[in-house]
Amino acid sequence: MDFSNYTIGYGITGSFCTFARTRKAVTELVALGANVIPIFSYNAQNFDTRFGSAKDFVDEICEITQNEGIRTINQAEPIGPNNFLDVMVIAPCTGNTAAKLSNGIIDTPVLMAAKAHMRNGKPLVIAISTNDGLGINFRNIGSLMNMKNIYFVPFGQDNWKSKPNSLVAMLEFLPDTIECAMKGRQTQPIIRTYSS
């Protein structure tokens, strides 16, 4: 797989428990030759959690991509008129972000970037990560799946015993999903047996 001709907007929202896998996914895209522009939600930029320091995580992503990224709504808006992304990824995409995107609410840098990018008719790839994917957010995921130019990274139930409504994307399938999305196809199957 050669992504050397791709400029990928990589939106990161606050599913902090998946940040280690996110870091690995970003590293893989860079290794495939992509120019990766990170786009950070306010929560991803500012919340320190038991999974680590927000500043350390943001700094690591910027170092991996060699790009300071997009951190404000104002910085994200020109993605539309300047039309410089080939594909945009939201990984992880929280249930909160999926719900807002599904309902046209644009109040974070990642959501503005997605809105701006989608106006150009180019693919948006979503890697869902939410504890209520089979609960209240199920309808939002279904709505997004039926929208033109939106593609999903395959996902599964990450812990059906303790969290029966939780869904998490398998980021090892992100490059394949991007490659298919660039051809206007959804990688299949979308729902798989979860592997961490």
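**Salt bridges, a pocket and cysteines in a predicted model**

Q: How many salt bridges does the structure hold?
A: This is a predicted model. A salt bridge needs a side-chain nitrogen of Lys or Arg within 4 Å of a carboxyl oxygen of Asp or Glu. The pairs that fit include R23 with E60 and K55 with D59. The total for the structure is five.

Q: Which residue forms a salt bridge with R23?
A: R23 sits in helix 1, residues 19-31. Its partner lies in helix 3, residues 54-65, and is 37 residues apart from R23. The closest N and O atoms are 2.4 Å apart. The partner is E60.

Q: Is R23 buried, exposed or partly exposed?
A: Buried means under 20% relative accessible area, and exposed means over 50%. R23 has a relative accessible area of 27%. That value falls in between, so R23 is partly exposed.

Q: What separates K55 and D59 along helix 3?
A: K55 and D59 form a salt bridge, with the closest N and O atoms 2.7 Å apart. The two residues are four apart in helix 3. The separation is therefore about one helical turn.

Q: Is K55 buried or exposed?
A: The cut-off for exposed is over 50% relative accessible area. K55 has 56%. Its partner D59, at 34%, counts as partly exposed. K55 itself is exposed.

Q: How far apart are the closest N and O atoms of K163 and D158?
A: K163 is partly exposed, at 30% relative accessible area. D158 is also partly exposed, at 25%. The two form a salt bridge, and their closest N and O atoms are apart by 3.2 Å.

Q: Which residues lie nearest the centre of the largest pocket?
A: The largest pocket has a volume of about 240 Å³. Its lining is made of 16 residues. By class, four are nonpolar, eight polar and four charged. Nearest the centre lie S15, C17, S129, T130 and N131.

Q: How many disulfides does a search of the whole structure find?
A: A disulfide needs two cysteine sulfur atoms within 2.5 Å. The sulfur of C62 is 20 Å from the closest cysteine sulfur, so it is too far for a bond. The sulfur of C180 is likewise too far, at 19 Å from its closest cysteine sulfur. The search finds zero.

Q: Which cysteine holds the sulfur closest to that of C180?
A: C180 is buried, with a relative accessible area of 13%. Its sulfur is 19 Å from the closest cysteine sulfur. That sulfur belongs to C93.

Note on methods. Residues numbered from 1 in each chain as written. Predicted model: local features only at pLDDT ≥ 70, side-chain atom pairs only at ≥ 80, totals over all residues. Heavy atoms only, no water. Buried < 20%, exposed > 50% of the residue type's maximum accessible area, 1.4 Å probe, protein only. 1 Å grid on protein atoms, 1.4 Å probe; cavity = no way out; pocket = protein on both sides within 12 Å on 5 of 7 lines; lining within 4 Å. Points joined across faces, edges and corners; volume = space filled by probe spheres on them. Nonpolar A, V, L, I, M, F, W, Y, C, P; charged D, E, K, R; others polar.
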